[in-house]
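Biologist: Please take a close look at the salt bridges of this structure and explain how exposed or buried their partners are. I should also be glad to hear how the helices fit into the picture.

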Amino acid sequence: MFVLKIAQNLFEECSPEKISDVTETRKEDSVFRTLSMDISGVKRVMTVEQRQYPFFYKYELYLDEKLDQPIDFKSKEGILVLLGFYSTYHPDYVKCNKYEEGKSLPDYFYTEKIPGEAMQHFVPGKGAVKKEEPGKPAMSHLEGYHEFTEEEKQDIGGQLDALKSQFADQLKELEGLLKK
């Protein structure tokens, strides 16, 4: 899930408000942010795309304006682009800025320092939203939902007995059917 977190963060950090050299273009459901930068001693053009789908955003990385050939964030080329960008703009996120064969993407970064979440929370019509506060049940917005109080949780046996007596007739019919 670190790939999603770093892809989201790369898009956010490539904002024209944060880096004046970034150009932003919109096309249909996509936002493209392009930046010319030094990658391993070579001047390259990096483009990050945020494409909106009904329930999530997908992030793509392109080099040299080849928008039909996305770069895998975990590939050698992808890691070199990320190291070039973060070494320049956020060196405090980078643990190791030299590419080494066999190292995975999170091994190059202080993952806890990079802001953002590894999972997206997207609400149609509202876009990405923050997680609900901890402790609040996910279904609490549904009509008829009842959250048990601590007293009710302690008296679970009494609750079951009350339900059994409430549905005693149906239970007898069910037992009769099972015996047949």
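Modeller: In this predicted model, Glu-49 has a relative accessibility of 2% and therefore counts as buried, since the cut-off for that class is under 20%. The side chain of Glu-49 forms a salt bridge with that of Arg-51, at 3.0 Å from N to O. Arg-51 has a relative accessible area of 24%, so this residue is classed as partly exposed. One pair thus brings together a buried Glu-49 and a partly exposed Arg-51.

In general, side chains of opposite charge can pair when their charged atoms come close. A search of the whole structure finds 8 salt bridges, and two others may be examined in turn.

One of them joins the side chains of Glu-24 and Arg-26, with 3.4 Å between N and O. Glu-24 is partly exposed, at 30% relative accessible area. Arg-26, at 63%, is exposed, because the cut-off for that class is over 50%. This pair also belongs to a wider arrangement: salt bridges with shared partners connect Glu-24, Arg-26 and Arg-33 in one network.

The other joins the side chains of Glu-77 and Arg-44, with a distance of 3.7 Å from N to O. This salt bridge links distant parts of the chain, for Glu-77 lies in helix α2 and Arg-44 in strand β3 (residues 42-52), 33 residues apart. Both partners are partly exposed: Glu-77 has a relative accessible area of 36%, and Arg-44 one of 22%.

Glu-77 leads us to helix α2, and so to the question of the helices. Two packed helices are described by the angle between their axes and the distance between the axes. Here, the axes of helix α1 (residues 2-13) and helix α2 (residues 76-89) come within 12 Å of each other and cross at roughly 50°. Helix α1 is therefore oblique to helix α2. The crossing of these two helices is left-handed.

On the α1 side, the contact is made by Ile-6, Asn-9, Leu-10 and Glu-13, while α2 contributes Leu-82, Phe-85 and Tyr-86. Sorted by class, the residues in this contact are 5 nonpolar, 1 polar and 1 charged.

To draw these points together, helix α2 meets helix α1 through Leu-82, Phe-85 and Tyr-86, and its residue Glu-77 pairs with Arg-44 of strand β3. Glu-49, with which we began, is buried and is paired with Arg-51.

Methods: Residues numbered from 1 in each chain as written. Predicted model: local features only at pLDDT ≥ 70, side-chain atom pairs only at ≥ 80, totals over all residues. Heavy atoms only, no water. Axes fitted to C-alpha atoms, helices over the stretch in contact; angles between N-to-C directions. Helix = DSSP H or I, 4+ residues; strand = E, 2+ residues; numbered from the N terminus. Parallel < 35°, antiparallel > 145°, perpendicular 65-115°, else oblique. Left-handed = near helix turned anticlockwise from the far one by under 90°. Contact = heavy atoms within 4.5 Å. Nonpolar A, V, L, I, M, F, W, Y, C, P; charged D, E, K, R; others polar. Salt bridge = Lys/Arg side-chain N within 4 Å of Asp/Glu carboxyl O. Buried < 20%, exposed > 50% of the residue type's maximum accessible area, 1.4 Å probe, protein only.
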